[in-house]
Amino acid sequence: MKKSFFPLLIICVLTALSLTSCVVAEKLTLSDEIAITKAVSGKSHVDLSVDDFFIGVIEDLSDWEDVGSNDPIIDVAIQDFVGNLQRSKVTSSIRFLETGYNTYMGDFAFTDFTQLIKDLSNGQEDQTIVTLSEKNGKTHVEISINMGNYDQLTKIIPFLADPNFEVYGPLYNNDLTEEEYLEMVSFILGEQCPDSIANSSIRIQVVAPKAVAAHNGKLRNSKTVEFSFPLIDFLLLHESIDFYLEY
């Protein structure tokens, strides 16, 4: 099965670097709506840092020979993601670079945020993970990840549905406590795994084209909201991960 990587969109994420954790980060900047089509344009900046432990786990668990490449696993995953971006008709200025040891940086622009999500989710018309809507003359952006729409997320991130990785996600572990889950991965993947998971996070920073009127994250300035959650919350999905902002 071909693997691919999708930074939790354009939901997943903003700048950070850590020596002992895996950090996925994206800064999403939305522009004013295009008057004729009402499409929201913008740009995205992605930073990714993966420690040696996670690289080792990924390579041990995946049938990497199936990919048919001698490149490092993360390089191939990013190449797949860039390929998905290039196939979309609403993207441009796509640039991804390796900036250091297991660290990467990427940028791309888009002319229609809703269409971009559709393109990256294999044409899903009814996805509920990322939604844009108009409420009382304001643009409402909402991100929601839960057990009810997790199958939609696996279409956006096929990597999550790989049999080698699926068993470590919420479909198999939603009924476990955090303590039980960490004990399990410690036994299977090694004693370093619980600490690596504990030090790992996903962060999303959204820059609106005008002052933010409402949100449930952390306001960095009048136009910028930051959302974050621990990786363990995503692995178990005991509760829905929900963020929103209006501008």
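Buried means under 20% relative accessible area, exposed over 50%, and partly exposed in between (1.4 Å probe, protein chains only). The model is predicted, so local features need pLDDT of at least 70 and side-chain atom pairs pLDDT 80 or more, while totals for chains, interfaces and linings use all residues. Residues count from 1 along each chain as its sequence is written, and side-chain values use heavy atoms, with hydrogens and water left out.

**Exercise 1.** Work out how many salt bridges the whole structure holds, and whether their partners are buried or exposed.

*Solution.*
- Step 1: look for a side-chain nitrogen of Lys or Arg within 4 Å of a carboxyl oxygen of Asp or Glu. The search turns up 2 salt bridges.
- Step 2: take Arg-95 and Asp-107, whose closest N and O atoms sit 3.8 Å apart. This pair links distant parts of the chain, with Arg-95 in strand 5 and Asp-107 in strand 6, 12 residues apart. (Strands are DSSP runs of E, at least two residues; helices are H or I, at least four; both are numbered from the N terminus.)
- Step 3: check accessibility. Arg-95 is partly exposed at 44%, and Asp-107 is partly exposed at 22%.
- Step 4: move on to Arg-220 and Glu-226, with closest N and O atoms 3.2 Å apart. Arg-220 is partly exposed at 46%, but Glu-226 is buried at 12%.

**Exercise 2.** Find which residues of the largest nonpolar core touch the most other members.

*Solution.*
- Step 1: join buried Ala, Val, Leu, Ile, Met, Phe, Trp, Tyr and Cys residues through side-chain atoms within 4.5 Å. The largest core has 47 residues.
- Step 2: pick out Leu-30, Phe-113, Leu-153, Tyr-181, Ile-197, Phe-234 and Leu-245, which touch the most other members. Helix 9 gives this core its largest share, 5 residues.
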